[in-house]
Structure formats: structure tokens, C-alpha cells
Amino acid sequence: MTVASDRRGTQTRPSSEPAADEHGTRDAELFDYDAELRLHNEHFRAAARVGSRDRVLDIGCGTGRTTREAARAAVTGSALGVDISAPMLERARQLSDDQGPPNVTYQQVDAQVHRFPPTHFDLCISRFGTMFFADPVAAFTNIGRALRPEARLVLLVWQDRDRNEWATEIRRSLTAATAAPAPPASGPNAFSLADRTVTEGILSAAGFTDVSFTDVHEPVYYGPDSATAMDNVLRLLKFQDLLTNLDAATADQARTRLRATLDAHDTDNGVYFDSRAWIVTAHRH
């Protein structure tokens, strides 16, 4: 296991293409994950190193930006994006119809149990799409069966919650006046692959070798100003649900605190929160 040094990105306002999935959203309004993760995506795309003839599997593809980028790089290969969200995949197909490329497809499947064609793919990628498996060893074992021997696995996953300001500061602002239940310490959640030892053990048990971790230190982006960021944050299920059981006055107080937190993170280039992630790479045994 190796760990590479980190690089802090400059806080420039990212360009955006509508959304890939991580937190979960209300179906009616898809959160723009591609804007949120623009700086992370640069690291992820460089680590993926998609070859011109690669057959690529993208797990948790959301609205498919990473799938389309992989397909454009795999000019004589292909890219398959899979996700469990029908609205996200509908948007992915619309964008692919408008933008191409022709060698991209999408399927609504559960990657933990879906029967992919065996030993078919040269590369499996996932940008924040693999932290919510009920049985991660079974899931990665199933994914591994779809990969040819020595195929590469490239994941982007969050580091610990307390290293992610977007998670701690926003949650604190929404729960300061209520006894909200503590986030889960284990099981499927956004930080389930944060521990390097745990994640290496999962991948090793699933048949992967040469597991390595690269630290990614970049801010996440929620909008050009705090009013827009407020709307964006409250599209996320994890945060919206914190307000669900509050009475009207308490919920208003929570929204006021959230707005103040977003105001404090409003720069000349937009609203940013600090974050830390891992790029995890491995090979199929």
C-alpha cells in the first residue's frame, strides 16, 4: 500500500455539466455534482488513464459525465455507465444523445449483484459511487468477475468525515438546536471506504492486488453565491432530511444558521468547503 502526497487546488469557480451522484437527491431536481466535484474530477480523470482501446465500466455513474469522458478517451473501445437512479440515467442518456460520444451506454442495475459479462472490461472506474454497498466484499467480488486479469480499478472515495468540512460544518449548522442521531460509524455511508486498512482489506478479499491510495485535497463547490448554495445544499437528501421532523420555528432557525455558514464560505469565486478524498487504485488478480 502506498500513499502519495496531496495538492491543494486553487479556489476558482468550476465550469459545470449537470450532475453525477454521491449523496442522493430528490428526483425532481438533480443536484449538480459535476460542478461540486470539478476539481476532484481533474485528479480522477488523470488517475483513470483510459486507453484508446479500453472497455470501461463506470460504477455509480449518475448523469454520466465520467462515463462520457471515458468513452471519448476510449476511441476504439467503449464505456458502460451503471447506476440505480432512473432519473440520473435518463439525464445521462439525454446528454449523450446531445453530446455523444457514440460508444457510451447506460444500464440501471445494482452493481453488487448484477451479472456483468465475465472478464469483459479492461478498466473499472467510480467517482464516489462505491461507498454504499450493503456487502462491499460481495460487491467488489462481483465487479471483479467482470474484469479481465490485471484489469485496473480506480475509485474516488471520501476520507474521514472529520476531514470533510462540507459534511461537518453543514450538518452542525442544521443540527445545533436538535438532538439529531449521530451519523453511522460503519455500514453503507459516504465515508465507509475512508479507512485505508479497511478498504485495502475489502479489495484484497474481493481478489484485488496492488492497492494504493493518493490523497486528494480540493474544495467542493456549492454555487456562485450563498443564496444559490442554499438551494443546492437543500437538494441533498442527507441535509434536507435533517429538517424533516423539526417544527416550523426550529427548522427556520436551522435554515438561518445554514445561510450564515454558507455566507462565511462565500468567496469572490463562489461558495466552497474544504474536503479530503482518496483515489484508490488496484489490479484484478
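In the predicted model, helix α6 (residues 165-175) packs against helix α10 (residues 248-264) at an angle of about 150 degrees. The two axes lie 7 Å apart. Angles over 145 degrees count as roughly antiparallel, and α6 and α10 are therefore roughly antiparallel to each other. Their crossing is right-handed. On the α6 side, the contact is made by Glu169, Ile170, Ser173, Leu174 and Thr175. On the α10 side, Ala254, Arg257, Leu258 and Thr261 take part.

Helix α10 also packs with helix α8 (residues 226-233). Here the angle is about 125 degrees, and the axes are 9 Å apart. That value makes α8 oblique to α10. The crossing of α8 past α10 is right-handed. Helix α8 contributes Ser226, Ala227, Ala229, Met230 and Val233 to the contact. These residues meet Arg255, Leu258, Arg259, Leu262 and Asp263 in α10. Leu258 of α10 thus appears in the contact with α6 and in the contact with α8.

Five residues of α8 are buried: Ser226, Ala229, Met230, Asn232 and Val233. They lie on the same side of α8, because they cover an arc of only 165 degrees around the axis. An α-helix has 3.6 residues a turn, so residues three or four places apart point the same way. Among the buried residues, Ser226, Ala229, Met230 and Val233 also belong to the contact with α10. The N-terminal end of α8 is capped by Asp225. A side-chain oxygen of Asp225 lies 3.2 Å from the backbone nitrogen of Ala227. Ala227 itself is part of the α8 contact with α10.

The loop between α9 (237-240) and α10 holds Leu242. Leu242 has a relative accessible area of 16%. With the threshold for burial at under 20%, Leu242 is buried. In sequence, Leu242 and Thr175 are 67 residues apart. In space, their C-alpha atoms are 7.3 Å apart. Thr175 is also one of the α6 residues in contact with α10.

Ser275 sits in the loop between β10 (270-273) and β11 (276-284). Its relative accessibility is 0%, and Ser275 counts as buried. The side chain of Ser275 makes a polar contact of 3.0 Å with the side chain of His40. A polar atom of the Ser275 side chain also lies 2.5 Å from the backbone oxygen of Glu218. With residues up to four places away in sequence not counted, Ser275 touches His40, Trp158, Arg163, Asn164, Trp166, Val216, His217, Glu218, Pro219 and Val220. One of these, Trp166, falls within α6 (residues 165-175).

Asn142 is another buried polar residue, located in helix α5 (residues 136-145). Its relative accessible area is 9%, and Asn142 is buried. Apart from neighbours within four places in sequence, Asn142 is in contact with Ala111, Gln112, Val113, His114 and Phe116.

Several backbone features stand out for inspection. The peptide bond from Gly100 to Pro101 is cis, with omega near 0 degrees. Pro101 is placed in the loop between α4 (86-99) and β4 (104-108). Thr119 has a phi near 45 degrees, a positive value in a residue other than glycine. Thr119 is in the loop between β4 and β5 (121-127). With a relative accessible area of 48%, Thr119 is partly exposed. Glu150 also has a positive phi, near 70 degrees, and is likewise a residue other than glycine. Glu150 is located in strand β6 (residues 147-158). Its relative accessible area is 47%, and Glu150 is partly exposed.

At the level of the whole protein, the secondary structure comes to 10 helices and 11 strands. Of the 285 residues in the protein, 54% are buried. Among contacts with a separation of 6 or more, 80% join residues 24 or more positions apart.

How values were computed
Residues are numbered from 1 along each chain as its sequence is written. Side-chain values use heavy atoms; hydrogens and water are left out. Buried means under 20% relative accessible area, exposed over 50%, partly exposed in between (1.4 Å probe, protein chains only). Helices (H or I, at least four residues) and strands (E, at least two) are DSSP runs, numbered from the N terminus. The arc is that of the directions from the helix axis to the C-beta atoms. A polar contact is a pair of N or O atoms within 3.5 Å; within protein, one must be able to donate a hydrogen and the other to accept it, and residues adjacent in sequence count only if both atoms are side-chain atoms. Axes are lines fitted to C-alpha atoms, for helices over the stretch in contact, and angles run from 0 to 180 degrees between N-to-C directions. Angles under 35 degrees count as roughly parallel, over 145 as roughly antiparallel, 65 to 115 as roughly perpendicular and the rest as oblique. A crossing is left-handed if the near helix is turned anticlockwise from the far one by less than a right angle, and right-handed if clockwise. Contact means heavy atoms within 4.5 Å.
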